[in-house]
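Colleague: Before we look at any particular contact, could you show me how to read an interface between two parts of one chain, and then how to read a helix?

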Amino acid sequence: MSLRIGKINLESPVILAPMAGVTNVAFRTLCREQERALTGTVSGLYVCEMVTARALVERNEKTIHMTTFAPDEDPRSLQLYTVDPEYTYKAAKMIVDENLADHIDMNFGCPMPKVTRRGGGAALPYKRRLFGQIVDAAVRATEGTDIPVTVKMRIGIDDEHRTHLDAGRIAVDMGAQAVALHGRTAAQRYSGDADWTEIARLKEHLAESGVPVLGNGDIFKATDASDMMAQSGCDGVVVGRGCLGRPWLFAELSAQLRGEPIPEEPTLGEVTRIIYRHAELLASHDGEHHACRDIRKHMGWYLRGFPVGGEVRAQLARVESLAHLKEMLEPWADSTAKANDADGARGRQGSPAKVALPDGWLDDPEDDTVPVGAEIENSGG
């Protein structure tokens, strides 16, 4: 089972969703290494952390660093957060002119209050004209290249303000080569269950266009991907929280969708080696000090369901060096224990909440005024 996005051909219709502070070059490399080791190939698409269009254009040092790709990463996929057609065009043109990436995804799905209260992320598709202008700007900047532009979004702001059908049609009309839908509203954040029936509605709505529709939400184990595709008719799946502490999930998903045997879940001993490899890759990208601080947040995800006591988990969450990490993991190096409930929901679920929006945001969906102060340095969604 394959997926074609513009001129990019993927052997597997499985895509890593951008997640702030997670999907940097180290984690993407680890996921690809796991897929290759377990299946013999790298078949899906691994998207980098979301970067802000304006920060990229202004060559913010942190933002430029976030666009780092591994030498063998192909295709290179970059996601932009943007609220302004002008900076969208400039950022996409910069990506083209400086050969920064092979694929541009655009984030209109972030539900975080710091983003939506300024009119960005999942709030923006409500402004249909502005949304269309932004997608059009990216497509115009990549015209004449092999770089496809895609869009990721949510069902809408809340149940009273659903935008995905209109936004999907606008994105396709403006030249987007694929549309991904997270089956929740911004008000839901990550609570409850993703509504795969809305992914099916979007697929049916865009059927005549021939543009792929990708589904996102609640992909936690191999069969979830095949179930979502069977139930919704979507052309591929986008995986976010399900891979936290499970970089081998992509090997399982791609094997399932290709009808091949699903690799076995790793033992605790194998997971300790994966944790250390993750830390090594982070150190290569950001230096050892930052890597050890960064790997701490992954420990709970990696060790979920394993028989490792709370005191050890607490110590691992304070690791100071690679040598310290190796020493801490050594007692479990040969453990053959398997995790319980390894494929359950991961990450913060949160609770539904009223979406923070700029004053008067819902008054006129045709207003194409660029929201003031909506640019952020980086975020996830």
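**Reading the domain interface**

Modeller: Between domain 1 and domain 2 the count is 1 salt bridge, and I should say at once that this is a predicted model.

Colleague: Which residues form the salt bridge, and how far apart are the closest N and O atoms?

Modeller: Glu-33 pairs with Arg-277, and their closest N and O atoms lie 2.6 Å apart. Besides this, 4 residue pairs are in polar contact between domain 1 and domain 2, counting pairs with both residues at pLDDT 80 or more. On the domain 1 side that touches domain 2, helix 1 (residues 25–39) gives the most, with 7 residues, and by class that side has 8 nonpolar, 7 polar and 1 charged residues.

Colleague: How is the size of such an interface expressed, and what is the area buried between domain 1 and domain 2?

Modeller: Interface size is often given as the accessible area lost when the parts come together. Here about 1,300 Å² is buried between domain 1 (3–258) and domain 2 (268–332), with carbon and sulfur atoms giving 69% of that area. In domain 1, Ala-26, Leu-30 and His-65 lose the most area to domain 2, together 31% of what that side buries.

Colleague: And for a helix, which residues of helix 7 are buried?

Modeller: In an α-helix, with 3.6 residues a turn, residues three or four places apart point the same way. In helix 7 (residues 164–174), the buried residues include His-164, Ala-167, Gly-168 and Ala-171, and among the elements covering the buried residues of helix 7 are helix 6 (128–141) and strand 8 (149–154). Just after helix 7, Gly-175 adopts a positive phi of about 110°.

Note on methods:
Residues are numbered from 1 along each chain as its sequence is written. This is a predicted model: local features need pLDDT of at least 70, side-chain atom pairs count only at pLDDT 80 or more; totals for chains, interfaces and linings use all residues. Side-chain values use heavy atoms; hydrogens and water are left out. Buried means under 20% relative accessible area, exposed over 50%, partly exposed in between (1.4 Å probe, protein chains only). Helices (H or I, at least four residues) and strands (E, at least two) are DSSP runs, numbered from the N terminus. Contact means heavy atoms within 4.5 Å. Domain bounds come from an automatic or database domain assignment. Buried area is the accessible area (1.4 Å probe) that two parts lose on being put together, summed over both. A salt bridge is a side-chain nitrogen of Lys or Arg within 4 Å of a carboxyl oxygen of Asp or Glu. A polar contact is a pair of N or O atoms within 3.5 Å; within protein, one must be able to donate a hydrogen and the other to accept it, and residues adjacent in sequence count only if both atoms are side-chain atoms. Ala, Val, Leu, Ile, Met, Phe, Trp, Tyr, Cys and Pro count as nonpolar, Asp, Glu, Lys and Arg as charged, and the others, Gly among them, as polar.
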